[in-house]
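Reader: I would like to work through a structure one feature at a time. Please give the general idea first, then the case at hand.

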Amino acid sequence: MVTFEQGRIAGNELFEVEHQRLSRLVADMDRLREGATVEELAGEAPPCLERWQLVQRPAPCLVGLSFGHPLLPGIGRPIITSDLVLLTTDGSWARTVSRWYRLGTPADPESASKGYRPWN
């Protein structure tokens with residue numbers, strides 16, 4: 001959440017950071033509509049989550065062991081992602097508000113075979 005004073009956005013660094021982050025998300029969604037692949041959008045070295053699972057805060061997110069995260073160093077570091085926005089039906093890719101994740105093995109492989117439709 002970003003707090004701001006109406007009519008005084010200029011100079012609000014947090015507002016600008018969040019605007020840029022959400023603009024990148026919308027740009028990725030636009031490119032998906034145009035036929036781009038997740039691999040093209042994610043780049044060469046997206047972070048990977050192992051033993052990941054879908055959880056919910058007030059908004060859906062993922063938890064798992066992170067490998068190659070650009071801001072959270074460590075190998076197999078437990079993390080909670082930012083809000084989950086996009087998830088491929090085969091459970092191989094996820095787009096949070098912040099970034100793309102290549103998804104490895106889920107924490108519960110049994111649920112993986114049933115597909116990822118937590119809201120249906």
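Reader: Where is the place of H69?

Author: This is a predicted model. To place a residue, find the elements on either side of it. H69 sits in the loop between β2 (60–67) and β3 (75–80).

Reader: Is H69 buried or exposed?

Author: Relative accessibility is compared with a cut-off, and buried means under 20%. H69 has 11% relative accessibility, so it counts as buried.

Reader: What is H69 in contact with, leaving aside its neighbours within four places in sequence?

Author: Sequence neighbours are set aside here, and what remains is P47, I79, R99 and Y101. With Y101 there is also a polar contact: the two side chains, of H69 and Y101, are joined at 3.2 Å. In addition, a polar atom of the H69 side chain lies 3.1 Å from the backbone nitrogen of L72.

Reader: Which other residue has a side chain placed like this, with a polar atom 3.3 Å from a backbone nitrogen?

Author: N12 does, and its partner is the backbone nitrogen of L14. N12 lies in the segment before α1 (13–33). The relative accessible area of N12 is 17%, and the cut-off for buried is under 20%, so N12 is buried.

Reader: How many helices and strands does the protein chain have?

Author: Count the elements, then read their order. The protein chain has 3 helices and 6 strands. Along the sequence the pattern is α-α-β-β-β-β-β-β-α.

Reader: Which strands pair with β2, and in what sense?

Author: Pairing is read from the bridges between two strands. Strand β1 (residues 48–56) pairs with β2 in the antiparallel sense, over 7 bridges. β2 and β3 also run antiparallel, joined by 5 bridges. The link between β1 and β2 is a hairpin with 3 residues between the strands.

Reader: Which residues of β1 and β3 stand opposite S66?

Author: A bridge partner is looked up residue by residue. S66 in β2 stands opposite L49. In β3, the bridge partner of S66 is R77.

Reader: How many of the residues of β2 are buried?

Author: One general point helps when looking at a strand. In a regular strand, side chains alternate between the two faces of the sheet. For β2, 6 of its 8 residues are buried, and the strand is mostly covered.

Reader: How many residues lie between β4 and β5 in their hairpin?

Author: For a hairpin, look at the two strands and then at the turn. There are 5 residues between β4 and β5. In that turn, G91 has a positive phi of about 70°. Strand β4 (residues 84–87) pairs with strand β5 (residues 93–96) in the antiparallel sense over 3 bridges. One of the partners is A94 in β5, which is the bridge partner of L87.

Reader: What does the C-alpha trace span along its principal axes, and what share of the residues is buried?

Author: Values for the whole chain come last. The C-alpha trace spans about 50 × 35 × 30 Å along its principal axes. Of the 120 residues in the protein chain, 31% are buried. The chain exposes about 7900 Å², and carbon and sulfur atoms supply 53% of that area.

Reader: How far apart are the mean positions of the positive and negative charges?

Author: Each set of charges is reduced to a mean position. For the 13 positive and 15 negative charges of the protein chain, the mean positions are 4 Å apart.

Reader: What share of the contacts with a separation of 6 or more comes from residues 24 or more positions apart?

Author: Such residues account for 41% of those contacts in the protein chain.

Definitions and conventions:
Residues are numbered from 1 along each chain as its sequence is written. This is a predicted model: local features need pLDDT of at least 70, side-chain atom pairs count only at pLDDT 80 or more; totals for chains, interfaces and linings use all residues. Side-chain values use heavy atoms; hydrogens and water are left out. Two strands pair if DSSP finds at least two bridges between them. Helices (H or I, at least four residues) and strands (E, at least two) are DSSP runs, numbered from the N terminus. Buried means under 20% relative accessible area, exposed over 50%, partly exposed in between (1.4 Å probe, protein chains only). A polar contact is a pair of N or O atoms within 3.5 Å; within protein, one must be able to donate a hydrogen and the other to accept it, and residues adjacent in sequence count only if both atoms are side-chain atoms. Contact means heavy atoms within 4.5 Å. Accessible areas come from the Shrake-Rupley method with a 1.4 Å probe; for residues, only the protein chains shown count as cover. Lys and Arg count as positive and Asp and Glu as negative; His and the chain ends are not counted. The place of a charge is taken as NZ of Lys, CZ of Arg, CG of Asp or CD of Glu.
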